[in-house]
2 protein chains.
Amino acid sequence: MADGLRERKKQETRIALSWAAVRLAVERGYGNVRIEDIAAEAGVSLRTFRNYFAGKAEAIAAREVDRMYAIAEELRVRPAEEPLWVAIRAAIEARYALGASDGGQPPDEHWVAGIRLMMSEPALQGAIAAAYAVAADELTAAVAERTGATGLYPRLVAEVIGAARSVVSAEWLRADPPRSMGDLLYEALDLLAAGLPEPH
Amino acid sequence: MADGLRERKKQETRIALSWAAVRLAVERGYGNVRIEDIAAEAGVSLRTFRNYFAGKAEAIAAREVDRMYAIAEELRVRPAEEPLWVAIRAAIEARYALGASDGGQPPDEHWVAGIRLMMSEPALQGAIAAAYAVAADELTAAVAERTGATGLYPRLVAEVIGAARSVVSAEWLRADPPRSMGDLLYEALDLLAAGLPEPH
DNA sequence: GTGAAATTTGCCGATTAGGCATCTTTGCTC
DNA sequence: GAGCAAAGATGCCTAATCGGCAAATTTCAC
């Protein structure tokens, strides 16, 4: 069951391509990767790559997007009587594996440096923002289901979560005395919950 | 002064290209416009187009981005003692010409339909989100200046304003009994100020 | 006016984009 | 478990895009 072999294989290919894209971009720099290389690295044809992604930026962004889908899914699974924002925090925590990824494996120097460089590429920031616009639909639906709200509210919540994601990951890359993803995320959510009051 | 003729001409060209892109995309559909056509419409060479924009999506998104820059600029101009969110609302109001554009010229049927269709293009939604990621830097700086805040706060405010923009314009296009941009925007900002409380 | 700096433009090769036909694999039925 | 229908992978092919480079043009400052 579980959607059969076909679906699973498709997901595997998608993820393989996405990881290959990230790896190559980090290793040799975003601009020096052709989608042909990515396809080769993942063991499929160039043409197949194009069946999955519109370009290398989208392939890289897919890692981020999938995480957002996962959060939406987690949100649907949590008990309905749980207050919305409690559920949201829990869903994010579950999918970002906060704490675990911090204490578990201190991120490798080279890797983080590569990611930092890669992310400084405007095309990528764009693609991530773009890809997230799609994922936001899922999150919007999940919020709508849970709250029964219509109109602006569900989408606004979804987009704000996206905003928090964006800010947090930017800050995580920038912060010199490194801060944990979890701290940053909670700080951002606390600010949002308070209505972003102007600091004294 | 005022940066001289050179800067002014460059802005004019940029805006001419951007409008040409929007006009053509609305008229004949996003997919049926080549950047060559846009350049011709604006009276410059294809190669010059590429000096200004990375692609047609970016050219279209530029209209939106410029508005964000204008809001950031407006924010800098407003009196420093004004509370942040009052200034933000005023800045948005000033640049979106709320009320004026609503009462002044009821949007043309064809035009709105064309815009709606154009905006449904995923590539465009992406490009707008992407382009906004850049404009957000300006807004972030303006908020930081005004509040003296550091860390997550300024960027979070900037991104949240972007989120509101995105949600509002999506809803504006969708709402069947049409709603005014001003109403939608204020509703969104009110929700945000309240910390997005879950509706009972 | 004159030279330095910035901008526009044409040219060109490399890469991307995506339609279409074909071949292979998977899922389902009997 | 054989066979058929649907879905995916791949190759091929043409149009379009991308971006570097250098020549020609325009603006700016002195």
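**View 1. Glu145(B) in helix H8 of chain B.** In this predicted model, Glu145(B) is a residue of helix H8 of chain B. Glu145(B) counts as partly exposed because 13 C-beta neighbours lie inside 10 Å, where 20 or more would make a residue buried and 12 or fewer would make it exposed. Although Glu145(B) and Arg76(B) are 69 residues apart along the chain, their C-alpha atoms are separated by 8.2 Å.

**View 2. The side of chain B that touches chain A.** Here 37 residues of chain B are in contact with 37 residues of chain A. On chain B, the elements that contribute two or more residues to this side are helix H5 (84–96), helix H8 (122–147), helix H9 (152–174) and helix H10 (181–193), and the largest share, 13 residues, is that of H9(B). Sorted by class, this side of chain B holds 26 nonpolar, 6 polar and 5 charged residues.

**View 3. The relation between chains A and B.** Chain B is superposed on chain A, with an RMSD of 0.1 Å, by a rotation of 180 degrees with 0.0 Å of shift along its axis, and the two copies are therefore related as by a two-fold rotation axis. Both copies use the same surface, since 100% of the contact residues of chain B recur in chain A. Among the residues of chain B, the one that comes closest to the rotation axis is Gly195(B), whose C-alpha lies at 2.0 Å.

**View 4. Helix H10 of chain B and the residue Gly195(B).** The 13 residues of H10(B) should span 18 Å at 1.5 Å a residue, and this agrees with the end C-alpha atoms, which are 18 Å apart. Leu184(B), Leu185(B), Ala188(B), Leu191(B) and Leu192(B) are the buried residues of H10(B); because they cover an arc of only 130 degrees around the axis, they lie on the same side of H10(B). The cover over these buried residues includes helix H9 (152–174) of chain A as well as H5 and H9 of chain B. Gly195(B), which follows H10(B), has a positive phi, near 80 degrees.

**View 5. The surface near DNA strand C.** Of the 18 residues around DNA strand C, those that come nearest are Gly4(A), Arg6(A), Val44(B), Ser45(B) and Thr48(B). Two or more residues of this surface come from each of helix H1 (4–28), helix H2 (35–42) and helix H3 (46–52) of chain A, and likewise from each of helix H1 (4–28) and helix H3 (46–52) of chain B. By class, the residues near DNA strand C divide into 4 nonpolar, 6 polar and 8 charged.

Notes
Residues are numbered from 1 along each chain as its sequence is written. Chains are lettered from A and ligands numbered from 1 in the order in which they are written. This is a predicted model: local features need pLDDT of at least 70, side-chain atom pairs count only at pLDDT 80 or more; totals for chains, interfaces and linings use all residues. Two residues are in contact if their C-beta atoms, placed from the backbone, lie within 7 Å. Helices (H or I, at least four residues) and strands (E, at least two) are DSSP runs, numbered from the N terminus. Ala, Val, Leu, Ile, Met, Phe, Trp, Tyr, Cys and Pro count as nonpolar, Asp, Glu, Lys and Arg as charged, and the others, Gly among them, as polar. Copies are superposed by least squares on the C-alpha atoms of residues with pLDDT of at least 70 in both. A residue is near a molecule or strand if its C-beta atom, placed from the backbone, lies within 6 Å of it. The expected span of a helix is 1.5 Å times one less than its number of residues. The arc is that of the directions from the helix axis to the C-beta atoms.
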